[in-house]
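Colleague: I would like to go through this model before planning anything at the bench. Could you take my questions one at a time?

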Amino acid sequence: MLRIFTPHYRVGRVWELTPERLQQWGLRALLLDVDCTLTRYSQGEALPEATAWIEQLRISGFQLCLVSNGMGARIRGFAERLELPCVAKAMKPLPWGIRRALRMLKAEHSQTAIVGDQLFADVMAGRLAGIRSILVEPIHPEEEPWYTRMKRIPERFLLSLREA
Ligand SMILES: [Mg+2]
């Protein structure tokens, strides 16, 4: 039951996911959450470190796609600046956005992971779609809207169970 809320891997920030590390895990494609993963909540651009990391993965031959619950225009602008495909209004934790991104990239389930900051969106959607998930620490979660901050309470509880 708790499996659905259990990430396969956990790191602090996305740029800790080096190409070598991802290759060791047998990953060839990453689906990237936007808010609090690549940038602060609701910003128009990725952090410089995240942009440099994306470039490094691209050079190393990884397939990448943004998968965000954010609205179409903002996420599409974000994706265009990064020159990445995207699925906006993905409705995570439902798995449809992830399935769509997998089809767009023609990526294998077994070689793809979702990278995001929320158990009840990114990790759960990954589990439901049958791919691996990598949980990152949220970037400035205090800037999120109240309905997202509410989810942080049970999220911290579930993560503390695993650390105990
Ligand atoms: Mg997020």
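Modeller: Yes; keep in mind that this is a predicted model. A place to begin is Ala-29, which stands opposite Thr-112 in β5.

Colleague: Which strand pairs with β5 over four bridges, and in which sense, parallel or antiparallel?

Modeller: Strands of a sheet pair through backbone hydrogen bonds, in either a parallel or an antiparallel sense. Here β5 covers residues 112–116, and its partner over the four bridges covers residues 29–32. The sense is parallel, and the partner is β2.

Colleague: In what order do the six strands lie in the open sheet, and which are the edge strands?

Modeller: The pairing in this open sheet is parallel, and the order is β1-β6-β5-β2-β3-β4. An edge strand pairs on one side only, which applies to residues 9–11 and residues 86–87. Those edge strands are β1 and β4.

Colleague: At about what angle to β3 does helix α3 run?

Modeller: Helix α3 spans residues 72–82 and lies across β3 and β4. Helix α2, residues 48–59, lies across β2 and β3 and runs at about 155° to β2. For α3 against β3 the angle is about 160°.

Colleague: Which residues are the protein donors of the magnesium ion?

Modeller: The donors lie 2.0 to 2.2 Å from the ion, and their spacing in sequence is D-x1-D-x81-D. Two of them give OD atoms and one gives O. They are Asp-33 (OD), Asp-117 (OD) and Asp-35 (O).

Colleague: Are the donors Asp-33 and Asp-35 buried or exposed?

Modeller: Buried means under 20% relative accessible area. Asp-33 has 7% relative accessibility, so Asp-33 meets that limit. Asp-35 has 13%, so the verdict for Asp-35 is also buried.

Colleague: Which residues does Glu-155 contact, leaving aside its neighbours within four places in sequence?

Modeller: Glu-155 lies in helix α6, residues 146–163. Its relative accessible area is 5%, so Glu-155 is buried. One of its contacts is the magnesium donor Asp-117. The full list is Asp-117, Gln-118, Leu-119 and Phe-120.

Colleague: How many disulfides are there?

Modeller: A disulfide is a covalent bond between the sulfur atoms of two cysteines. The cut-off is 2.5 Å between the sulfurs, and the count comes to zero.

Colleague: How far from Cys-65 is the nearest cysteine sulfur?

Modeller: Cys-65 is buried at 0% relative accessibility, and Cys-86 is buried at 16%. Cys-65 is in no disulfide, and the nearest cysteine sulfur is that of Cys-86. The distance is 6.7 Å.

Conventions. Residues numbered from 1 in each chain as written. Predicted model: local features only at pLDDT ≥ 70, side-chain atom pairs only at ≥ 80, totals over all residues. Heavy atoms only, no water. Donors = N, O, S within 2.8 Å, 3.2 Å for Na, K, Ca; no water. Buried < 20%, exposed > 50% of the residue type's maximum accessible area, 1.4 Å probe, protein only. Pairing = 2+ DSSP bridges. Helix = DSSP H or I, 4+ residues; strand = E, 2+ residues; numbered from the N terminus. Contact = heavy atoms within 4.5 Å. Axes fitted to C-alpha atoms, helices over the stretch in contact; angles between N-to-C directions.
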